[in-house]
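Please look over the sequence and the model shown here before reading on. The paragraphs that follow lead from the overall division of the chain to a few of its parts.

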Amino acid sequence: MDDLQRNSNFFIYNLFCVLFQIYSIIERNQIANTTIHLRSVTVFAPHNEAFMKSTKQDNDDEYLPCYHIRNNTNVPMKLEQLGKSVFSELDGNPPMWITKKSPEEIYVNQAKVVYHLANYEHNNTFGKPQVLHVIDQVLQPLRMKKNSPQNVYNPNAWEFMESAEYLDLDNYHTNTFLQRVQNLDKKSVFSNQGGHTFFIPVDEVANYPKVRPEKIDVKVIDAHVVPDNVLFLGPTNENEQFKTLAFTDMLKVFASLSKAEEGDKTKYYVSSDTVVGDGVHPTGAVVAEIVKANIPVRNGVVHLISRPLMIVDNTVKQFIEDREDSVLHRFYEEIMNSGGDFLEKLTAMPNVTLFAPSNAAFNDQSIQSYLTNRTYIRSLLELHIVNRRLSVDDIVAESIDKVPTEVPRKDLFFNVVTSGKNRTLTLEGGGVNATVVQANLAATNGIIHIIDHVLGIPSSTVDRKLATDPTLNETNYLGQVSSLNDQLGDVQKRFTYFVPRDFAWKRLAIDNPSVHKKLFMPEYSNIARQILERHLIIADKAFTMDDLRKEANNNYNLSVKLPTVRDVSMYIKIKDSVEGYSIEWRNEWIHVHRSDVRCTNGIIHVIDKVLIDDNDIEVNAAITTKSITALVMVMAQCLVFYYFN
């Protein structure tokens, strides 16, 4: 062996220089060392940084070297030759699973191939061809417990559960789920050949409520298997839905993966989403934390999870209280700091939808000063409640664009964005735009949607609000091209802006297409600015609709004089009804679609009509034409003077 090492080929030299850590453990392992020097091999080699990020274990030298080497064949494999899996040199030849997202984005289990450091070919001193692929993580095979009385080599998912007591699973146990699988004769689901994903609930996780075993029926067991897809966390798209074995003609259940950042930690979750239920299994999503991920087995990958999927047995209140470090623990803290009455209200509601801000939403630095005001927080909590059960499918199917909340005269406004297979629900409440990051979480008395911002606490300036609200795109565009938006980020000023929503501009396009067309032409941007300035008030304070209504009442319900940027004196009337506010401008009542959208430097009122006259275009166009004509005449006179004098 010493002679072989002294005559190591160029392949080994490069492995040593660039990838010292993997070379060291291969060198210390007799089987791996011999294989590298004597045989044709394909090596998946983690770079040194990958080892720095990996937790070192006592038996690394036993497990890691051979698991990074492809099982001996006469032909080592380049990336384009890789199939769905390759067998390793580790005892039992457990597979490494290959995910190809594109020709240049390829994963081995959880690890991503560093494409520009892949497909390195060389022949060793015996003329055996070898191929090296660098990867960005250390591959972790299934390991046995130290001093285990029984050896378990390359189990499938069923054998994995049967032999769990001999495996190193960080002290997690799966006996309850195993017993239900046995009792219901579902062994074949976990022993099927091929490549599948298995979500296996552990017996108990601290602070997670236990589920009664009898709730785990055959359909629930099927919901824990994604057939024909090997889903390691790294290569799997977040929130992409995959059909489970419980997806049938009568019952339709998807599974999806997601993650949440908690300080310097990242937590991963799996959701089962029952989109078509039955009398036993209600619609809605159930979320479980992945407590131990990416365990390769002979027929796919296993993820150990905190609780069974598909089983709905918590109220909305219990979901929020679930555990100290859950995805909603910051929301729970704010509720309790504000008195806790909010939870009792949730309990009393038989059908409720809760839009619950995530932990990250409460950690936003821009809202911290508001969180110390307990009275204010109490007043906005109910902005997150809708007194009916609303899934994303309900909102889409019924074309719901707004619903009332438990705060009087405060609505939530919805917008659904579809991109390919992905569908995202955004909403606005109390002047804050939020995106649903986890939808349709089921409870016995309602549905929870986790959102990425706290509603009612402004965190955007007027210009940013325009740029991020998907229903105000047209006004935002005209404000950008006419440079009006440039001033709307000034935090020293207070703006009141009557903003026409996209619906209002479409209405103008129907009523007066030529005017609409001209306004969106670059040469008319100055006119577009003048029209927008009619909608904008700059003063020492921003005005709510109630402020304006009170001013009208003080004036015997006559017109309110508004000092807009465009018109020195613009007069409007205010009407307050059960449908909300309306304003009268030039003898026409215009509905205020959303009132009092609060920003850090002002207030936006979203209206259903553009405040425009036909002669706005005609007069300004005439002025523009006269100016151009005058300019041409001056230039002509200059040219005549230049050439003839």
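In this predicted model, the domain assignment divides the protein chain into domain 1 (1–135), domain 2 (157–305), domain 3 (316–451) and domain 4 (462–616). The centres of domain 3 and domain 4, taken over C-alpha atoms, lie 29 Å apart, and the contact draws on 12 residues from domain 3 and 15 residues from domain 4.

Turning to the start of the chain, a reader can find helix H3, made of residues 20–28, packing with helix H4, made of residues 30–38, at an angle of about 105° and with 5 Å between their axes. Because an angle of 65 to 115 degrees counts as roughly perpendicular, H3 is described as roughly perpendicular to H4. On the H3 side the residues that meet the other helix are Ile26, Glu27 and Arg28, while H4 contributes Gln30, Ala32, Asn33 and Ile36. Sorted by class, the contact of H3 with H4 comprises three nonpolar, two polar and two charged residues.

Next come the strands. Strands of a sheet pair through backbone hydrogen bonds, in either a parallel or an antiparallel sense. One open sheet has three strands in the order S1-S7-S6, and its pairing is mixed. Strand S1 (41–46) and strand S6 (120–123) stand at the edges of this sheet, and because each has a single partner strand, one side of each is left without a neighbour in the sheet. From one strand to the next, the twist averages 25°. S1 and strand S7 (residues 129–135) run parallel and are joined by six bridges, with Ala45 standing opposite Val134 in S7.

Another set of pairings involves strand S3. Strand S2 (residues 85–87) pairs with S3 in the antiparallel sense over three bridges, and here Val86 has Met96 in S3 as its bridge partner. S3 is also joined by four bridges to strand S4 (residues 105–108), again with an antiparallel run, and Val108 in S4 is the bridge partner of Ile98. S3 and S4 form a hairpin, with two residues between them.

Within strand S3, which spans residues 95–102, lies Thr99. Is Thr99 buried or exposed? Its relative accessibility is 19%, and because buried means under 20%, Thr99 counts as buried. Leaving aside residues up to four places away in sequence, Thr99 touches Glu105, Ile106, Tyr107, Val230 and Pro235.

How values were computed: Residues are numbered from 1 along each chain as its sequence is written. This is a predicted model: local features need pLDDT of at least 70, side-chain atom pairs count only at pLDDT 80 or more; totals for chains, interfaces and linings use all residues. Side-chain values use heavy atoms; hydrogens and water are left out. Axes are lines fitted to C-alpha atoms, for helices over the stretch in contact, and angles run from 0 to 180 degrees between N-to-C directions. Angles under 35 degrees count as roughly parallel, over 145 as roughly antiparallel, 65 to 115 as roughly perpendicular and the rest as oblique. Contact means heavy atoms within 4.5 Å. Ala, Val, Leu, Ile, Met, Phe, Trp, Tyr, Cys and Pro count as nonpolar, Asp, Glu, Lys and Arg as charged, and the others, Gly among them, as polar. Buried means under 20% relative accessible area, exposed over 50%, partly exposed in between (1.4 Å probe, protein chains only). Two strands pair if DSSP finds at least two bridges between them. Domain bounds come from an automatic or database domain assignment.
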